[in-house]
Amino acid sequence: MHAALLALFAAAALQVSSAGDPAKMKEIMEKCSGQNAISPDEMEALKSLTIPSSDAGKCFVGCLFEEVGMLTGGSFNRATTEALARAKLQEKPEELDKYMQLIEKCSDEVASHDNKCETGPKLMECIKNYAPGLGIVLAGSA
């Protein structure tokens with residue numbers, strides 16, 4: 001189900017946590033889509049990193065980030081996200097440094113948000129905007 005979206009959120013979730021496990025990611029996507037009825041068009045648009053415009057779509061994105069541990073209580077969880085990045089990229093220090101810079105930048109960008117339906121899309125937008133400049137290639141962005 002939605003293999004390209006699995007790849008997208010593996011990248012968007014900083015290629016950390018359960019995103020490396022397709023079965024777990026599928027479970028998360030099914031849970032979030034069950035809680036937030038996202039249209040097929042928005043699901044398709046997410047593959048190219050287009051942030052949903054509907055409330056359900058925005059909450060779907062927030063749910064995904066919350067389920068992988070990047071959001072807690074609707075707010076960006078920098079400590080957990082950094083720990084996940086360190087665990088996933090411990091053998092690639094140059095990559096880890098890029099992700100830590102991205103985490104820092106996006107932490108600043110989304111700090112004022114505490115609702116997953118606002119924070120999730122803002123975080124996705126931040127990742128989309130700043131990852132390429134740090135040399136991080138995201139699925140869906142060409």
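A disulfide is a pair of cysteine sulfur atoms within 2.5 Å. With that cut-off in hand, let's work through this predicted model.

**Exercise 1. Find how many disulfides the chain has, and give the pattern of their pairing.**

Solution.
- Step 1: apply the cut-off to the cysteine sulfurs. C106 and C126 pass, with S to S 2.1 Å. C32 and C63 are joined at 2.0 Å, and the sulfur atoms of C59 and C117 lie 1.9 Å apart.
- Step 2: count them. The total is 3 disulfides.
- Step 3: number the bonded cysteines along the chain. The pattern reads 1-3, 2-5, 4-6.

**Exercise 2. Work out which helices each disulfide ties together.**

Solution.
- Step 1: take C32 and C63. C32 sits in α2 (residues 22–35) and C63 in α4 (residues 55–67), so this bond ties together parts 31 residues apart in sequence.
- Step 2: take C59 and C117. C59 belongs to α4 and C117 to α7, so parts 58 residues apart in sequence are tied together.
- Step 3: take C106 and C126. This pair links α6 to α7, across 20 residues.

**Exercise 3. Assign a handedness to each disulfide from the torsion about its S-S bond.**

Solution.
- Step 1: for C32 and C63 the torsion is about -80°, so the disulfide is left-handed.
- Step 2: for C59 and C117 the value is 110°, and the link is right-handed.
- Step 3: for C106 and C126 the value is -95°, and the link is left-handed.

**Exercise 4. Decide whether C59 and C117 are buried or partly exposed.**

Solution.
- Step 1: recall that buried means under 20% relative accessible area.
- Step 2: C59 has 14% relative accessibility and therefore counts as buried.
- Step 3: C117 has a relative accessible area of 21%, so C117 is partly exposed.

**Exercise 5. Check the span of α6 and find how its buried residues are arranged.**

Solution.
- Step 1: at 1.5 Å a residue, the 18 residues of α6 should span 26 Å; the end C-alpha atoms are 25 Å apart, which agrees.
- Step 2: list buried residues of α6, among them L96, Y99, I103 and C106.
- Step 3: look down the axis. The buried residues of α6 fall within an arc of 165°, so they line one face of the helix.
- Step 4: ask what that set packs against. The partners are β2 (75–76), α5 (78–89) and α7.

**Exercise 6. Describe the surroundings of H113.**

Solution.
- Step 1: place H113 in the loop between α6 (93–110) and α7 (116–130).
- Step 2: judge burial. With a relative accessible area of 17%, H113 is buried.
- Step 3: find contacts beyond four places in sequence. H113 touches G74, S75, E118, T119 and K122.
- Step 4: look for a polar contact. The side chains of H113 and E118 make one at 3.4 Å.

Terms used. Residues numbered from 1 in each chain as written. Predicted model: local features only at pLDDT ≥ 70, side-chain atom pairs only at ≥ 80, totals over all residues. Heavy atoms only, no water. Helix = DSSP H or I, 4+ residues; strand = E, 2+ residues; numbered from the N terminus. Buried < 20%, exposed > 50% of the residue type's maximum accessible area, 1.4 Å probe, protein only. Polar contact = N/O pair within 3.5 Å; in protein donor to acceptor, adjacent residues only side chain to side chain. Contact = heavy atoms within 4.5 Å. Expected span 1.5 Å × (residues − 1). Arc of directions from axis to C-beta.
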